[in-house]
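Here are a few exercises to help you find your way around a structure you haven't met before. Have a go at each task, then read the solution step by step.

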2 protein chains.
Amino acid sequence: MAKQKKQPRPKAQTPKGFRDYFAHEVTERSDMLGKIAGVYHRYGFDALESAAVETVEALGKFLPDVDRPNEGVFAWQDEDDTWMALRYDLTAPLARVYAQHRNDLPTPYRRYAMGPVWRNEKPGPGRYRQFYQCDADTVGTASMAADAEICAMLADTLEEVGIPRGDYLVRVNNRKVLNGVLEAMGVTDEAQAADVLRTIDKFDKVGEQGVRELLGKGRLDASGAYIDGVGLSDEQAEPVLAFLTAKRATNADTLLKLTVAVEGSQIGQEGINELQSIVNLLEAQGYGEDRIVIDPSCVRGLGYYTGPVYEAELTFEILDEKGRKRQFGSVAGGGRYDGLVKRFTGQEVAATGVSIGVDRLLAALREKGRIKSQDQGPVVVTVMDRDRMADYQTMVAELRNAGIRAEVYLGNPKNFGNQLKYADKRNSPIAIIEGGDEKENGIVQIKDLYLGAKIAESASLEEWKGNPSQFEVPRDQMVAKVRDILAGQD
Amino acid sequence: MAKQKKQPRPKAQTPKGFRDYFAHEVTERSDMLGKIAGVYHRYGFDALESAAVETVEALGKFLPDVDRPNEGVFAWQDEDDTWMALRYDLTAPLARVYAQHRNDLPTPYRRYAMGPVWRNEKPGPGRYRQFYQCDADTVGTASMAADAEICAMLADTLEEVGIPRGDYLVRVNNRKVLNGVLEAMGVTDEAQAADVLRTIDKFDKVGEQGVRELLGKGRLDASGAYIDGVGLSDEQAEPVLAFLTAKRATNADTLLKLTVAVEGSQIGQEGINELQSIVNLLEAQGYGEDRIVIDPSCVRGLGYYTGPVYEAELTFEILDEKGRKRQFGSVAGGGRYDGLVKRFTGQEVAATGVSIGVDRLLAALREKGRIKSQDQGPVVVTVMDRDRMADYQTMVAELRNAGIRAEVYLGNPKNFGNQLKYADKRNSPIAIIEGGDEKENGIVQIKDLYLGAKIAESASLEEWKGNPSQFEVPRDQMVAKVRDILAGQD
């Protein structure tokens, strides 16, 4: 503290990888979170808000094996030496909460949670170290009805926030089917299994022939580098290719093809039966292939998932930063996991859930022009006579009481031009002017700023002649007139 | 990591001083934040959401003069050795944001912000290390109209969230008047001035005579301990007492009394003129002493305030943890501060603003019975035949499509009693039952769980005889009947 006075002024900067959100960026997100919460609530899910801070021990994934365990998370030591960290997702805290409060919670426990999470990662363009997630999970049931419900809810949620049917797909797969494929191949070595799974993950990028090469001897990639293969024989690789190319026009046909791919594997057949249950439940509720598809190439989060996995993908094309067309891609994903609560309790607790990447979903809506690029500003009551501030405040009070967003100009009123520039910067729809003359005559001037901007832009002023952007109204009709103009501007 | 496998299971516990919020605790808070944001927005304030993390340098108050600067804040070092910390309020980040973005922001800049803040303090009963604040500030104007506006907005906000007029008061004072009192007393020594201010702060507790003693030779307090006095003569102490007892029934009379108390002090008179401006502006808009009062005993946050200070107090009585009646007290406070942005820019930037303690305000509404103690649970469709899960899912889909919160029971359906216990734990209004017989006859059983609970509670069953809590309806009338019952339960 003592040193501070001699130091240069502090830099006014967000820490590296963090950013500020202004006005409509904040309200659009909270509107979206509100809509998502509405769907989750209607499905019977209860809200949960845990603190941003957990013990590193409870988070589990990032335990201190070094002096400072800040790999991946932001962590520090409490005064009693306990390591604490900012949560990196909403699933790890759910496992802790369920284990801690399980005697008071209903079983099954349907919960939703929304809020920021933090990652101690290298920031990049568009990649921030704090971002929002919005999760729904059902803990304490092994029923496939829980997974089916979450897939249906995900589809409903996307439509609720403004992604029309046809612009998204929920892709569903099952980790057990993948295990079945490995079994059918006779792959038992863990390292080799991991290599195969990594290869499967490249299917979207390299296609069938690419996967075939990568499972065998290897492949020359686009940059000219040679990528070593997994070293399987053609025959051994066959189940993987049968699996990856199993997708058909209907879920029923895809399941038939998958059955062939895992032939002879019990775990594989179990996975297919689970997918069949999910498809049956969804079809009974009217969710067909136009919304939810069995897709073997959906191999997300191979980490802790133990059963069905699912992912919501936006299927429309956008231009990337280099101007190339590409699909927007994934905005949500999840699956069934059974090990997370067990860490605390020792007993397996079945659970399944989804996480929506709120910021990516907002970006998608912005791409589609479904989100306003600017907030409407307030009606600005200008100050012509600083001694009559009370009059102007009374005017804004009347407007606000009528539910109209309004404010009096609070800067230095000397330069009237600055007041209009301010209104412009605020994207104000209307400015109100009441000088001494107006006051005396019991009127106010109303300036329609949107119309004014249109007239200023227009090549021909003729067409606007009968439609002036500024006019006077009796003082006691101010609120009614403002309301009329706002209604017309919408 | 290597050690972990041998370690005992992690404890399922929130870190010390943190807690989880469930269901209605979360939704009530977000409802309240939404209402407050609505008022702030109508007053022309724009949302701002900065990250939870700031550089310690930007936060300023807690600079690293020790190896680990975690006094008061949760802090850690980034990979490039920058000290970062969780924000401890929303004002310090605002100063950083305004300094960083001032060329792009309108001036004056009206902004609101809401979210958690973190304090590295010793937790106590009801005192948590993460809690919510909800702030509104106007940066870049010295006009008293900005302070008056925030006082009016504070009153409107309290009424909007459910505190009726008469149950709250916004108390307003001015730091300059306090300085004027010190000047009138001839107190120039900083340490002595601080002693006097501390004594003023005790007025609510010890009263006029107590303050008189504490300013003089000292005082025997309730515990029998002798508290040393400031050592002023009776004559010197007079302005403080004139100041503290200046409060009258009308703001006009209070200001007259205050004028006497600061007689001869220029800064004191300036403060009174500012209060007069605020009173004039508020009265013009109809905010009288029933809502906003000049109150010399409001001496909050003597730290960085430079002009008007204000505080919202709830005036109804509650019982404290020992069963004693006491006033609920303060739920919001703020004032004018000019030094915060200057830290970054070197130029003084006038600013004034308020912070609402959201959790205290929620506690107040709970005291007044204005907040539901429990969320209404979903309609629960029970599972009589696990092979017909698709039927049950179809029923919930119909209910949800009608906007009714509903779910199918996803636990083990074997024991029907457990399904009803679950519905009870969820506070479900209705359970739906469709066994094989019902299915065959095209009906469902509807169980009105609220009515059932009332009948169970009632001493005389007679009165409920014609009003059974369970009845059957044709399957195709299920949604309509559920809607009727829910409407009746409200």
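**Exercise 1. Find the hairpin made by β12(A) and β13(A), and say how many residues lie between the two strands.**

Solution. β12(A) and β13(A) make a hairpin with five residues between them. In its turn, G323(A) has a positive phi of about 80 degrees. Before going on, some ground rules: this is a predicted model, where local features need pLDDT of at least 70, side-chain atom pairs count only at pLDDT 80 or more, and totals for chains, interfaces and linings use all residues. Residues are numbered from 1 along each chain as its sequence is written, while chains are lettered from A and ligands numbered from 1 in the order in which they are written.

Next, look at the pairing (two strands pair if DSSP finds at least two bridges between them). Strands here are DSSP runs of E with at least two residues, helices are runs of H or I with at least four, and both are numbered from the N terminus. β12 (residues 308-319) and β13 (residues 325-337) of chain A are antiparallel, with nine bridges. One spot to check is E311(A), which has G333(A) opposite it in β13(A).

Now step to the next strand. β13(A) is also joined to β14 (residues 351-357) of chain A, by six bridges and again antiparallel. There, A332(A) faces I356(A) in β14(A).

**Exercise 2. Which strands form the open sheet of nine, and in what order?**

Solution. Walk across it: β11(A)-β8(A)-β12(A)-β13(A)-β14(A)-β7(A)-β6(A)-β2(A)-β1(B), with mixed pairing. The edges are β11 (292-294) of chain A and β1 of chain B, each pairing on one side only.

Start at the β11(A) edge. β8 (residues 168-174) of chain A runs parallel to β11(A), with three bridges joining them. R171(A) sits opposite V293(A) in β11(A).

Then jump to the other edge, where the sheet takes in a strand of chain B. β2 (residues 46-49) of chain A pairs antiparallel with β1 (residues 21-22) of chain B over two bridges. E49(A) has Y21(B) as its bridge partner.

**Exercise 3. What is the strand order in the open sheet of three strands in chain A?**

Solution. The order is β3-β5-β4, and the pairing is antiparallel. β3 (53-55) and β4 (75-77) are at the edges with a single partner strand each, so one side of each has no neighbour in the sheet. Ignoring direction, neighbouring strands are turned by 30 degrees against each other on average; the angle is taken between axes, lines fitted to C-alpha atoms (for helices over the stretch in contact), and angles run from 0 to 180 degrees between N-to-C directions. Three bridges link β4(A) to β5 (residues 83-86) of chain A. Among the pairs to look up, A75(A) has A85(A) as its bridge partner.

**Exercise 4. By what turn can chain B be laid on chain A?**

Solution. Superpose the copies by least squares on the C-alpha atoms of residues with pLDDT of at least 70 in both. A turn of 180 degrees, with a shift of 0.0 Å along the axis, lays chain B on chain A with an RMSD of 0.1 Å. That is how a two-fold axis relates copies. In chain B, W76(B) has the C-alpha nearest the axis, 2.9 Å from it.

Now turn to the contact, where two residues count if their C-beta atoms, placed from the backbone, lie within 7 Å. Chain A puts in 85 residues and chain B puts in 85 residues. On the chain B side, helix α13 (residues 389-401) gives the most, with six residues. Of the interface residues of chain B, 99% are also interface residues in chain A, so the copies meet through the same surface.

**Exercise 5. Where in chain A is the cis peptide bond that joins T107(A) and P108(A)?**

Solution. First, the background: most residues other than glycine have a negative phi, and most peptide bonds are trans. The bond between T107(A) and P108(A) is cis, with omega about -5 degrees. P108(A) is in the loop between α3 (91-101) and β6 (109-118) of chain A. In chain B, the bond from T107(B) to P108(B) is cis too, with omega near -5 degrees.

Finally, check A23(A): its phi is positive, about 40 degrees, although it is not a glycine. A23(A) lies in the loop between β1 (21-22) and α1 (24-42) of chain A.
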